[in-house]
Amino acid sequence: MYIIAGSTGTLGTAIVDALSKDNELFLIGRDETKLKEQASAINADYQVIDLNNTVEPREFAKIIDTDTEIKGLVNCIGSILIKPLHGTTIDEFNDVITTNLFSSYYLLASFARRMKNGSAIFFSSVAGSKGLSNHEAIAAAKSGIEGFARSAAATYAKDNLRVNVIAPSIMDSNMSEKILSSEAAREVSKNMHPISKIGDADDILPVIKWLLSPDAKWVTGQTIHVDGGLSTVKPR
Ligand SMILES: NC(=O)c1ccc[n+]([C@@H]2O[C@H](COP(=O)([O-])OP(=O)(O)OC[C@H]3O[C@@H](n4cnc5c(N)ncnc54)[C@H](OP(=O)(O)O)[C@@H]3O)[C@@H](O)[C@H]2O)c1
């Protein structure tokens, strides 16, 4: 079974569509109505999560039967905040950390011991490794995820559980809808990238499928940048 958290988001939905044909999935999200509809369409189980009101991970782990083999966990729960640091409220900062970093801790802490020979995937962003102005909160959360995943990769390597991170740049999704709402903004975003394009779920899906598969059996503790080169490349 694969656990997909944040399954009702843009990337989550694309992953569910791609994996549900050949695999048993367990869906986790915050909106029961959307989750129920998505789960019933593929005959999957689901669980609502309230990140501000959680039980201990060992309790939460009971949502999946102990006999079930958990082969993979993909956490698509995330948010974006682009705001100057001095204008970021405590609540906004905490919310970004909770949604992105705490959710990653919580899900892996719940299921890691049940994932021998499995693969866990988390999402950073280009802001996790490149200093982008007004991205302090999301940069803190996402680079936190990168460090968290490296340490977890070391801890659980003895169980052959691989822990990796994908770091995309801006992609068309619910999250970026406002940022990319005008043609002018789309052009600016597109042209920031050495490979001039706004990302989408199809750019990320092959990497997810590969990381979940035995083809990536020797890959752990990595952050894989899928960002049109933005994090590392300066075009001529
Ligand atoms: N889109 C981009 O430009 C971009 C760039 C870099 C990194 N990423 C990362 O990629 C991952 C997937 O994002 P996406 O593009 O698919 O965006 P999305 O469509 O907005 O999906 C985000 C998911 O997180 C869930 N979520 C948000 N806040 C939550 C909370 N407090 N509790 C529980 N669930 C919550 C959303 O639930 P609902 O479905 O109920 O809204 C949704 O399922 C995220 O980690 C994001 O940070 C995205």
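In which helix does isoleucine 42 have its place? I will start there this morning, and I should say at once that what we are looking at is a predicted model. Isoleucine 42 sits in helix H2, and with 16 other C-beta atoms within 10 Å it is partly exposed, because a residue needs 20 or more such atoms to be called buried. If we set aside residues up to four places away in sequence, isoleucine 42 touches Val16, Ser20 and Leu25. Aspartate 65, by contrast, is 23 residues away from isoleucine 42 in sequence, and the two C-alpha atoms are 19 Å apart in space.

Just past that helix, please look at asparagine 43, which belongs to the loop between helix H2, residues 32–42, and strand E3, residues 45–48. Its phi is positive, about 60 degrees, although asparagine 43 is not a glycine. Is asparagine 43 buried or exposed? With 9 other C-beta atoms within 10 Å, asparagine 43 is exposed.

There is another residue to set beside it, namely asparagine 160, whose phi is near 60 degrees, again a positive value in a residue other than glycine. Asparagine 160 is found in the loop that lies between helix H5, residues 136–156, and strand E6, residues 162–168. Asparagine 160 counts as partly exposed, since it has 13 C-beta neighbours inside 10 Å and the exposed class stops at 12.

Let me now turn to the strands, beginning with E1, which covers residues 2–5. On one side of E1 we find Tyr2 and Ile4, on the other Ile3 and Ala5, and these residues are all buried, so that both faces of the strand are covered. This arrangement may be easier to follow if we remember that in a regular strand the side chains alternate between the two faces of the sheet.

Which strands does E1 pair with? E1 is joined by four bridges to strand E2, residues 25–29, and the two run parallel. Within that pairing, phenylalanine 26 is the bridge partner of isoleucine 3, while isoleucine 28 is the bridge partner of alanine 5. E1 is also joined by four bridges to strand E4, residues 72–75, again in parallel, and here tyrosine 2 has glycine 72 as its bridge partner.

Strand E2 deserves a closer look, because five of its five residues are buried, so it is largely enclosed by the rest of the structure. Leu25, Leu27 and Gly29 lie on one side of E2, and Phe26 and Ile28 lie on the other, so both faces are covered by the definition of burial used here. E2 also runs parallel to E3, with four bridges between them, and in that pairing leucine 27 stands opposite tyrosine 46.

If you follow the chain through these elements, you will find that E1, H1 and E2 make a right-handed β-α-β unit, and that E2, H2 and E3 make a right-handed β-α-β unit as well.

That brings me to the interior. In soluble globular proteins, nonpolar side chains tend to be buried together. In this model the largest nonpolar core has 56 residues, and those with the most contacts inside it are Ile3, Ile4, Leu27 and Leu73. Helix H5 gives the most to this core, with eight residues. Isoleucine 4, leaving aside its neighbours within four places in sequence, is in contact with several residues, among them Gly12, Ile15, Leu27 and Val74.

Helix H5 also holds glycine 144, which is partly exposed, with 18 other C-beta atoms within 10 Å. Glycine 144 and serine 124 are 20 residues apart in sequence, and their C-alpha atoms are 8.6 Å apart in space.

Finally, I would like us to consider the ligand. Which residues come nearest to it? Of the 26 residues around the ligand, the nearest are Gly9, Leu11, Gly78, Ser125 and Ser173. By type, the shell divides into ten nonpolar, 13 polar and three charged residues. Helix H1, residues 10–19, supplies the largest share of that shell, with three residues, and H1 is the helix that we met a moment ago in the β-α-β unit with E1 and E2.

Key:
Residues are numbered from 1 along each chain as its sequence is written. This is a predicted model: local features need pLDDT of at least 70, side-chain atom pairs count only at pLDDT 80 or more; totals for chains, interfaces and linings use all residues. A residue is near a molecule or strand if its C-beta atom, placed from the backbone, lies within 6 Å of it. Ala, Val, Leu, Ile, Met, Phe, Trp, Tyr, Cys and Pro count as nonpolar, Asp, Glu, Lys and Arg as charged, and the others, Gly among them, as polar. A nonpolar core is a set of buried Ala, Val, Leu, Ile, Met, Phe, Trp, Tyr and Cys residues joined through C-beta atoms within 7 Å. Two residues are in contact if their C-beta atoms, placed from the backbone, lie within 7 Å. Two strands pair if DSSP finds at least two bridges between them. A crossover is right-handed if, with the strands pointing away from the viewer, the path from the first strand over the helix to the second runs clockwise.
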